[in-house]
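Trainee: I would like a close look at one part of this protein. Please keep it brisk, and then set that part against the rest of the chain.

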Amino acid sequence: MSAIVAIRGNSKYVHLTFRQFVKDIGSELQLCKCRHSYTKGKVESVNKYQNWIKPYDYKFENKEALFATIQEILNQSNYQINTTTGLSPDYLFKAKEKGTLLPLPSVFLLNSYLNFNEEKPLIFVR
């Protein structure tokens, strides 16, 4: 993503603020190979949710109806058996991945990275 990484010739430069954010949340950045889908399949698979919502384009009475539809789609996909693993994403998360997650950083730290355009800042809620 060009907002995070600049490529000049054969070199990649990660934006300093993003590099610091990754460090602050206790993670590490792994860059994928440009224009190679096999190195970024996880990112591409998330885009399917946008395509699932397109048929509803502007047909929601209010934001609660939109949120309810999104929740229905997420519930459906979380319990659908994956053809590669033979397991649902929900099961994999609860059985294997959840125990490896680090705690979230402080709300103050997360908010420090947001660029507020409103009077009232966005607060992350745990």
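Trainee: In which helix do Phe-18 and Phe-21 lie, and how many residues apart are they?

Mentor: Both sit in helix α1, which covers residues 16-24. They are three residues apart, about one turn of the helix. Bear in mind that this is a predicted model.

Start with the rings. A search of the whole structure finds two aromatic pairs. Phe-18 and Phe-21 make up a tilted one: the ring centres are 6.2 Å apart, with 40° between the planes. Why tilted? The angle of 40° falls between the limits, since planes under 30 degrees apart count as stacked and planes over 60 as edge-to-face.

Now look at how open these side chains are. Phe-18 has a relative accessible area of 24%. Phe-21 comes out at 23%. Buried means under 20% and exposed means over 50%, so both residues count as partly exposed.

Phe-21 has another ring partner, Tyr-113. Here the centres are 4.9 Å apart and the planes stand at 75°, so this pair is edge-to-face. This pair links distant parts of the chain. Phe-21 belongs to helix α1, while Tyr-113 is in the segment after α6 (107-112). The two residues are 92 residues apart. Tyr-113 is also partly exposed, at 26% relative accessible area. Put the pairs together and you have one aromatic cluster: Phe-18, Phe-21 and Tyr-113.

Next, place α1 in the fold. The protein has six helices and two strands. Along the sequence the pattern reads β-β-α-α-α-α-α-α. Strand β1 is residues 5-8, and strand β2 is residues 11-14. They pair in the antiparallel sense, over four bridges. Val-5 has Val-14 of β2 as its bridge partner. Arg-8 stands opposite Ser-11 in β2. The two strands form a hairpin, with two residues between them. Gly-9 lies in that turn and has a positive phi of about 70°.

For contrast with the cluster, go to a helix with a buried side. Helix α4 runs over residues 63-79. Does its length add up, and what span should you expect? At 1.5 Å a residue, its 17 residues should span 24 Å. The end C-alpha atoms are 25 Å apart, which agrees. At the N-terminal end, Asn-62 acts as the cap. One of its side-chain oxygens lies 3.2 Å from the backbone nitrogen of Glu-64.

The buried residues of α4 include Thr-69, Ile-73 and Ser-77. They cover an arc of only 70° around the axis, which puts them on the same side of α4. The face turned away from that buried side carries the exposed residues Glu-72 and Tyr-79.

Take Thr-69 by itself. Its relative accessible area is 14%, so it counts as buried. Leaving out residues up to four places away in sequence, Thr-69 touches Tyr-56 and Phe-60.

Ser-77 is in the same helix, α4. Its relative accessibility is 6%, under the 20% limit, so Ser-77 counts as buried too. With the same neighbours in sequence left out, Ser-77 touches Tyr-49, Trp-52 and Pro-89. What covers the buried residues of α4 includes α3 (48-53) and α5 (89-97).

Finally, step back to the whole chain. Of the 126 residues, 11% count as buried. Among contacts with a separation of 6 or more, 23% are between residues 24 or more positions apart. The pair of Phe-21 and Tyr-113, at 92 residues apart, links distant parts of the chain. Keep that edge-to-face pair in view, then trace back to Phe-18, which completes the cluster with Phe-21 and Tyr-113.

Notes. Residues numbered from 1 in each chain as written. Predicted model: local features only at pLDDT ≥ 70, side-chain atom pairs only at ≥ 80, totals over all residues. Heavy atoms only, no water. Buried < 20%, exposed > 50% of the residue type's maximum accessible area, 1.4 Å probe, protein only. Contact = heavy atoms within 4.5 Å. Phe/Tyr/Trp six-rings, centres within 6.5 Å; stacked < 30°, edge-to-face > 60°. Expected span 1.5 Å × (residues − 1). Arc of directions from axis to C-beta. Polar contact = N/O pair within 3.5 Å; in protein donor to acceptor, adjacent residues only side chain to side chain. Pairing = 2+ DSSP bridges.
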